[in-house]
Amino acid sequence: MMLGLLLAHAGVEVLVLEKHADFLRDFRGDTIHPSTLEVMHELGLLEDFLKLPHQKVHQLTVQIGDVTVPFADFTHLPTRCGFIAFLPQWDFLNFLAEQAARYPTFKLRMRAEVVGLLEERGGVVGVEVGAPEGRLEVRAKLVVGADGRHSVVRQKAKLPVEELGAPMDVLWFRISRRPEDSPAVMGRFQAGRVFVMLNRGDYWQCGYVIPKGTLEEIRREGLPAFRDGVADLAPFVRDRVADIRSWDDVKLLTVLVDRLTTWYRPGLLCIGDAAHAMSPVGGVGINLAIQDAVATANLLAGPLRSRAPALAELRRVQRRRWLPTRVTQAMQLFIQDRAIDPLLASGRTPGIPWIVALAQRFPVLQRIPARVIGVGFRPEHVRTALDS
């Protein structure tokens, strides 16, 4: 959606295909980081964007046992917004769609699922689409696969994937929220468990991290035991865990960490999770994908106004985004392997890591993880315009 907006902003004719009838999905990240808010400013949309109901988080804290420890302070970042904005991703997508619709070269088609690629002379020239009225063909100078961790586009293109592994999965469910509840995002590490609660207005979207492959074991222990575990982690919702009525209310989000070794073919490019599925560690997946979109628009808007991009031009997108992708995933894997996996395996509440304790003692050090999480390793800036 961001790429569609940026290309339309640059005068490129673009069609965004969305297989669902709306954007309402629980399995979407809710964090809009300072780097993304900077992009919104560069597009002249920040003021209107911040009118959407959202929650500002200026500092990230982690609760380890009964101790709450600050570890990332965003207020000193060299960006206009020194905070993370939390809002449902469907609100963000609707906002982008509304802004993009102002451009005559932008079109969005809902209930249009890509089911295949159109290929001629060794290159991709479009997609085959399943729609309510039947199969359609859509031809394009460039097909961009931005269809997530289970990308149909990258599967059909037979692009090589490097699997990096993840030791955990996440169980997603809802618990009702009351006005007297704290508005803050809540996360807790305790007794071999990791638990996150996202404020979505009238309910909490809860993420219960489990060792990969243990869902059936948890189910065998029974729903009452699961509810008790939730209540132990978040005692203030103990009288509401009955909101989890059955296992049908608990959805499994399979965590994947992988990346394509080659993101492109003639006529085709993958970006975002379709090119590099991210761990939920740090909540940076959305923002890394948006940086991909900005870089893609910056590099390809000019060629796309008149012709199909050459293979070398597609290669430049991967080269531009390769280092920040690899470095970010390396840090996520380090945290998964050195912190989350041992915690889940031990069944014990961990001590405060020395690096977190150091950041607590010397608050200036909290600017380092804030920079990594909030801005990233290669922030992109909007350089597309009608006259570019």
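**Aromatic pairs, strands and cores in a predicted model**

A search across the whole structure, which is a predicted model, finds nine aromatic pairs. One of them joins Trp 204 and Phe 236: the ring centres are 6.1 Å apart and the planes stand at 75 degrees, so the pair is edge-to-face. An angle over 60 degrees is what places a pair in that class. Trp 204 belongs to strand 16 (residues 203-211), whereas Phe 236 is in the loop between helix 7 (223-233) and strand 17 (251-253), so the contact ties together parts that are 32 residues apart in sequence. The two residues can also be described by their accessibility. Trp 204 is buried, at a relative accessible area of 0%, while Phe 236 has 31% and counts as partly exposed.

Other rings are grouped or lie beneath a charge. Phe 173, Phe 195, Tyr 208, Phe 226 and Trp 247 make up one aromatic cluster. The ring of Phe 83 has the charged end of Lys 56 over it, 5.3 Å from the ring centre. Arg 174 is placed over the face of Tyr 203, with a distance of 4.2 Å to the centre of that ring.

Next come the strands. Strands of a sheet pair through backbone hydrogen bonds, either parallel or antiparallel. An open sheet of three strands has the order 11-20-19, with mixed pairing. Its edges are strand 11 (143-145) and strand 19 (264-265), each of which pairs on one side only. Strand 11 runs parallel to strand 20 (residues 268-270), and three bridges link the two. Within strand 20, Cys 270 is the bridge partner of Gly 145. An antiparallel arrangement is found for strand 8 (residues 113-120) and strand 9 (residues 123-131), which are joined by seven bridges. Here Glu 119 stands opposite Val 124 of strand 9. Two residues lie between the strands of this hairpin, and Arg 121 takes a positive phi near 55 degrees.

In soluble globular proteins, nonpolar side chains tend to be buried together. The largest nonpolar core in this model has 58 residues, of which Met 2, Met 40, Leu 268 and Leu 269 touch the most other members. Helix 8 (residues 285-304) supplies the largest share of this core, eight residues. Beyond its neighbours within four places in sequence, Met 2 contacts Val 39, Met 40, Leu 43, Phe 92, Leu 96, Ile 290 and Ala 293. A second core, separate from the largest one, has 26 residues, including Phe 74, Val 170, Val 209 and Ala 370.

Phe 92 and Leu 96, both contacts of Met 2, are among the buried residues of helix 4, as are Trp 90, Leu 93 and Phe 95. Nine of the twelve residues in this helix are buried, so helix 4 is largely enclosed by the rest of the structure. The length of helix 4 (residues 89-100) can be checked: at 1.5 Å a residue its expected span is 16 Å, and the end C-alpha atoms are 16 Å apart, which agrees.

A final position to look at is Val 62, in strand 4 (residues 59-64). Its relative accessible area is 11%, so Val 62 is buried. Not counting residues up to four places away in sequence, Val 62 touches Val 67, Thr 68, Val 69, Phe 71, Phe 189 and Val 356. The C-alpha atom of Val 62 is also 9.7 Å from that of Ile 352, a residue 290 places away along the chain.

Key
Residues are numbered from 1 along each chain as its sequence is written. This is a predicted model: local features need pLDDT of at least 70, side-chain atom pairs count only at pLDDT 80 or more; totals for chains, interfaces and linings use all residues. Side-chain values use heavy atoms; hydrogens and water are left out. Rings of Phe, Tyr and Trp (its six-membered ring) pair if their centres lie within 6.5 Å; planes under 30 degrees apart count as stacked, over 60 as edge-to-face and the rest as tilted. Helices (H or I, at least four residues) and strands (E, at least two) are DSSP runs, numbered from the N terminus. Buried means under 20% relative accessible area, exposed over 50%, partly exposed in between (1.4 Å probe, protein chains only). A charge sits over a ring if NZ of Lys or CZ of Arg is within 6 Å of the ring centre and within 35 degrees of the ring normal. Two strands pair if DSSP finds at least two bridges between them. A nonpolar core is a set of buried Ala, Val, Leu, Ile, Met, Phe, Trp, Tyr and Cys residues joined through side-chain atoms within 4.5 Å. Contact means heavy atoms within 4.5 Å. The expected span of a helix is 1.5 Å times one less than its number of residues.
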